[in-house]
Amino acid sequence: ERHLVFDLNDFDETVPGPFEGDVKRLAASIEIAARSQSFRSKECRAVVVGAVRSYRESMRAFARMPNQAVWYARLDAEEFLAKLRAVAPPERLRKAETLIDSAKTKDSMQAFRKLTHEVDGQPRIISDPPLIVPVEELFPGQDGVAVQAQMAELLAAYRTSLVSDRRHLFDQYRFVHMARKVVGVGSVGTRAWILLFEGRDGADPLFLQAKEAQSSVLEQYAGISEYANHGERVVAGQRLMQASSDIFLGWQRTNGLDGVDRDYYLRQLRDWKASAEVEGSVPEGMAVYAQVCGWTLARAHARSGDRVAIGAYLGKRDVFDEAIADFASAYADQNDKDHALLRHAIDVGGIASTEGV
C-alpha cells in the first residue's frame with residue numbers, strides 16, 4: 001500500500017506454539033544487542049525489562065479491545081520516529097530518518113537497475129557468482145530449458161495461491177529471466193531463486209524471490225503443521241501476524257531436476273524493506289526500539305493467539321518481566337562463552353575462517 005510500517009520479519013520457522021518462546025527470543029536478542037554496544041549491566045537490564053513490560057502491558061491492552069480494532073492496529077514508521085525524537089541524539093535521529101527514506105527507494109525498479117543488464121536487446125540478470133548465478137550458467141543446454149519449463153509450471157500454480165485482485169495484477173507481467181541467489185546465514189543450504197518479470201515496458205519490472213520452505217525446526221516441539229505445503233505454512237503465518245503483508249506473497253510445490261518435490265514461497269525481492277541499525281545506539285534510543293518491538297510482538301500474538309488468556313496470565317505485576325530478563329541474561333552469558341570458544345578455535349587454527357566478507 002506504499003505506507004511504511006514497523007513490523008515483524010522472517011517467518012520460515014512459523015508454527016503455532018507457546019507464546020513465551022517468542023518473548024524469550026526477543027528478550028535474549030535485545031540483551032545481546034545491548035551488550036554489543038558496551039552498555040552497562042544496569043542499562044542492559046533496563047532495556048530488556050522495558051521491552052518485556054511493553055509486551056505485557058500491550059497484550060493486556062489488546063485483550064480489552066474489539067476483534068477488528070486488534071486486526072487493524074499497526075505502527076507507522078513516522079510514529080516510531082516520533083518516539084525516537086524524544087530521546088535519541090540528533091545524529092542517531094538523522095540515521096533513522098535516512099534509513100526510512102532509503103527504504104522507500106528499495107523496490108523492483110531499484111533492483112532492476114542494480115541486478116540486470118541488456119543482452120541482445122533483452123534484460124538479463126547479471127552473473128555475480130557465487131552470490132547470483134543465472135539459470136543458463138547453472139544448467140547449460142537442455143537442463144536450462146528444463147529448469148525454465150519447471151519455473152513456468154511453478155508460476156502457473158503460484159498464481160492460484162494469490163487472491164483474485166493480485167492474480168489480475170500478476171497476469172500483467174511477463175516472465176523474462178531467473179537466477180539462483182544465495183540468501184542469509186540462517187537459510188544457507190536452501191534453494192532460492194530471483195525471478196525477473198516485465199510489465200507494461202522496460203521501465204515496469206517486477207522482481208520476485210522464490211525461496212525453499214522446509215519443515216519448521218519448531219515442529220518437533222510444537223507439533224506438525226496443519227499445512228501440507230510448507231510454503232503455505234510460511235505465508236499463512238506471515239499474513240496472520242503482519243499488519244501489512246507483501247501483495248505478491250504466495251506459495252507452490254515443484255518437482256526438481258533430481259525428482260524431489262520441494263515447497264517454495266514467493267514474495268517481492270525488494271518492497272520498501274529496511275532493518276534498524278543497532279550499531280551506535282545509545283541506551284535511551286535502544287530502549288524505545290525495544291519497547292516498540294515488544295508492542296509489535298504483542299500485536300502479532302493478539303491476532304494469532306488467545307489474547308485474553310495470555311493477558312490474564314501475564315498479570316499486572318512485573319514478575320513475568322523480571323523472569324524473562326533473567327533468562328535473557330543467562331542466554332547472553334552462554335552466547336558470550338560460545339563466541340569465546342569459537343574465537344579461540346580460530347586463533348589456534350582449529351577452525352578455518354574468512355573475515356570481512
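Start by selecting N229: at 9% relative accessibility, this residue counts as buried. Keep in mind as you click around that the model is predicted.

**Stop 1: around N229**

N229 sits in a loop, the one that runs between α10 (219-222) and α11. Now show its neighbours. Leaving aside residues up to four places away in sequence, N229 touches W251, Q252, R253, D263 and Y264.

**Stop 2: along α11 to the surface**

Next, pick L240, which belongs to helix α11 (residues 230-241). Is L240 buried or partly exposed? Its relative accessible area is 32%, so L240 counts as partly exposed. Add W71 and Y72 to the selection and switch on the surface: together with L240 they make a nonpolar patch there, with about 340 Å² of accessible area between them.

While W71 is selected, bring up R303 as well. R303 lies over the face of W71, at 3.7 Å from the ring centre.

**Stop 3: the aromatic pairs**

Time for some rings. Searching the whole structure turns up 11 aromatic pairs. Select F19 and Y55, one of these pairs: the ring centres are 6.4 Å apart and the planes meet at 10°, which is why the pair counts as stacked. Colour by helix and you'll see that the pair links distant parts of the chain, with F19 in helix α1 (residues 19-36) and Y55 in helix α2 (residues 41-63), 36 residues apart. Both rings belong to buried residues: F19 has 15% relative accessibility, and Y55 has 1%.

Now jump to F80 and Y289. Which kind of aromatic pair do F80 and Y289 form? This one is edge-to-face, with 6.4 Å centre to centre and 70° between the planes. Here too the pair links distant parts of the chain: F80 is in helix α4 (residues 77-85), Y289 is in helix α12 (residues 283-304), and 209 residues separate them. Check the surface for each partner. F80 is buried, with a relative accessible area of 10%, whereas Y289 is partly exposed, at 27%.

**Stop 4: back to F19 and Y55**

Go back to F19 and Y55 and add Y313 and F320; these four form one aromatic cluster.

**Last stop: K24 and F327**

Finish by selecting K24 together with F327. Where does the charged end of K24 sit? Look over the ring of F327, and you'll find that charged end 5.0 Å from the ring centre.

Note on methods. Residues are numbered from 1 along each chain as its sequence is written. This is a predicted model: local features need pLDDT of at least 70, side-chain atom pairs count only at pLDDT 80 or more; totals for chains, interfaces and linings use all residues. Side-chain values use heavy atoms; hydrogens and water are left out. Patches are made of residues with over 30% relative accessible area and no salt bridge: like charges are joined within 9 Å, nonpolar side chains (Val, Leu, Ile, Met, Phe, Trp, Tyr) within 5 Å. Accessible areas come from the Shrake-Rupley method with a 1.4 Å probe; for residues, only the protein chains shown count as cover. A salt bridge is a side-chain nitrogen of Lys or Arg within 4 Å of a carboxyl oxygen of Asp or Glu. Helices (H or I, at least four residues) and strands (E, at least two) are DSSP runs, numbered from the N terminus. Buried means under 20% relative accessible area, exposed over 50%, partly exposed in between (1.4 Å probe, protein chains only). Contact means heavy atoms within 4.5 Å. Rings of Phe, Tyr and Trp (its six-membered ring) pair if their centres lie within 6.5 Å; planes under 30 degrees apart count as stacked, over 60 as edge-to-face and the rest as tilted. A charge sits over a ring if NZ of Lys or CZ of Arg is within 6 Å of the ring centre and within 35 degrees of the ring normal.
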